[in-house]
Amino acid sequence: MMNAAAERLAALDSLPAAELCGLAMETLENLVVVLNQETTLLRAGRAKDAGQLTAEKTRLAQDYMGFARSVQRQSARLRAEAPALVDALLGGHDRLATQMAENLRVIATARSVTEELLTDVAKAINAKARPKTYGANGEIAGQPPQAASGVSINRAL
């Protein structure tokens with residue numbers, strides 16, 4: 001008896017070549033569009049708007065991986081039945097890889113700029129908190145006790 005995941009895989013693998021390649025290509029093209037939208041929004045500094053695409057991007061990526069694995073498993077059959085569609089799918093995969101690389105570069109740049117900005121803000125806040133008076137011994141008084149350190153940066157993102 002097959003479990004639900006095995007049944008889904010078997011159903012994908014048994015699709016006619018044109019249908020499987022078509023579904024994979026459609027999903028791939030939609031993923032490229034969403035990645036391009038996200039990249040464009042991030043370049044424009046609209047990270048919040050870009051973040052709203054995350055769920056759709058994740059769903060499309062998962063769907064595409066399912067189709068791509070099925071295409072790999074069925075590659076001999078697909079090559080025999082629909083060689084032009086397989087070639088088109090490979091070209092689409094190259095476009096996806098290019099778009100993903102650009103998307104990752106933009107995300108890394110946005111993260112770096114954000115981190116630098118937050119670091120600069122934290123330093124500025126900390127500098128303003130320093131005392132500007134001299135103590136009894138003629139030296140600038142030490143740092144006052146701090147209840148909070150201002151801005152923190154989560155480097156795990």
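At what angle do H1 and H4 pack, and how far apart are their axes? The tour returns to that pair after a look at the whole chain.

**Before selecting anything**

The model is a predicted one, in which local features need pLDDT of at least 70 and side-chain atom pairs count only at pLDDT 80 or more, while totals for chains, interfaces and linings use all residues. Residues are numbered from 1 along each chain as its sequence is written, and side-chain values use heavy atoms, with hydrogens and water left out.

**The whole chain**

Display the protein chain as a cartoon: its secondary structure comes to 6 helices and 0 strands, in the pattern α-α-α-α-α-α along the sequence. Helices here are DSSP runs of H or I with at least four residues, strands are runs of E with at least two, and both are numbered from the N terminus. Colouring by accessibility, one finds that buried residues make up 24% of the 157 residues, where buried means under 20% relative accessible area, exposed over 50% and partly exposed in between, with a 1.4 Å probe and protein chains only. Of the contacts (heavy atoms within 4.5 Å) between residues at least 6 apart in sequence, 69% join residues at least 24 apart.

**H1 against H4**

Select residues 4-13 for H1 and residues 54-73 for H4. The two helices pack at an angle of about 60°, with their axes 9 Å apart; axes are lines fitted to C-alpha atoms, for helices over the stretch in contact, and angles run from 0 to 180 degrees between N-to-C directions. That angle makes H1 oblique to H4, on a scale where under 35 degrees counts as roughly parallel, over 145 as roughly antiparallel, 65 to 115 as roughly perpendicular and the rest as oblique. The crossing of H1 and H4 is right-handed; a crossing has that hand if the near helix is turned clockwise from the far one by less than a right angle, and is left-handed if anticlockwise. Show side chains for Leu-9, Leu-12 and Asp-13 of H1, and for Gly-66, Phe-67, Ser-70 and Arg-73 of H4, which make the contact. These residues divide into 3 nonpolar, 2 polar and 2 charged, with Ala, Val, Leu, Ile, Met, Phe, Trp, Tyr, Cys and Pro counted as nonpolar, Asp, Glu, Lys and Arg as charged, and the others, Gly among them, as polar.

Stay with this contact and pick Asp-13 and Arg-73, which form a salt bridge whose closest N and O atoms are 2.9 Å apart; the term means a side-chain nitrogen of Lys or Arg within 4 Å of a carboxyl oxygen of Asp or Glu. Because Asp-13 lies in H1 and Arg-73 in H4, the pair ties together parts that are 60 residues apart in sequence. Asp-13 counts as buried at 16% relative accessibility, whereas Arg-73 is partly exposed at 39%.

**H2 against H4**

Next, keep H4 and add H2, residues 17-43. H2 and H4 pack at an angle of about 150°, with their axes 9 Å apart, and are therefore roughly antiparallel to each other. H2 passes H4 in a left-handed crossing. Among the residues making the contact are Leu-20, Leu-31 and Glu-38 of H2, and Lys-57, Tyr-64 and Phe-67 of H4. The residues of this contact divide into 12 nonpolar, 3 polar and 4 charged.

Zoom in on Lys-57 and Glu-38, whose side chains meet in a salt bridge (3.0 Å, N to O). Since Lys-57 lies in H4 and Glu-38 in H2, the pair ties together parts that are 19 residues apart in sequence. Both residues are buried, Glu-38 with a relative accessible area of 5%. Leaving out residues up to four places away in sequence, Glu-38 touches Ala-50, Leu-53, Lys-57, Asn-103 and Ile-107.

**Gln-99 in H6**

Now move to helix H6, residues 83-129, and select Gln-99, which is buried with a relative accessible area of 14%. Its contacts, not counting residues up to four places away in sequence, are Val-32, Leu-35, Asn-36 and Thr-39. A distance label between the C-alpha atoms of Gln-99 and Leu-31, 68 residues apart along the chain, should read 9.5 Å.

**Other salt bridges**

A search of the whole structure finds 9 salt bridges. Select Arg-79 and Asp-87 for one of them (2.7 Å, N to O); Arg-79 is partly exposed at 37% relative accessibility, and Asp-87 is partly exposed at 43%. End at Arg-43, Glu-102 and Arg-105, which are linked in a network of salt bridges.
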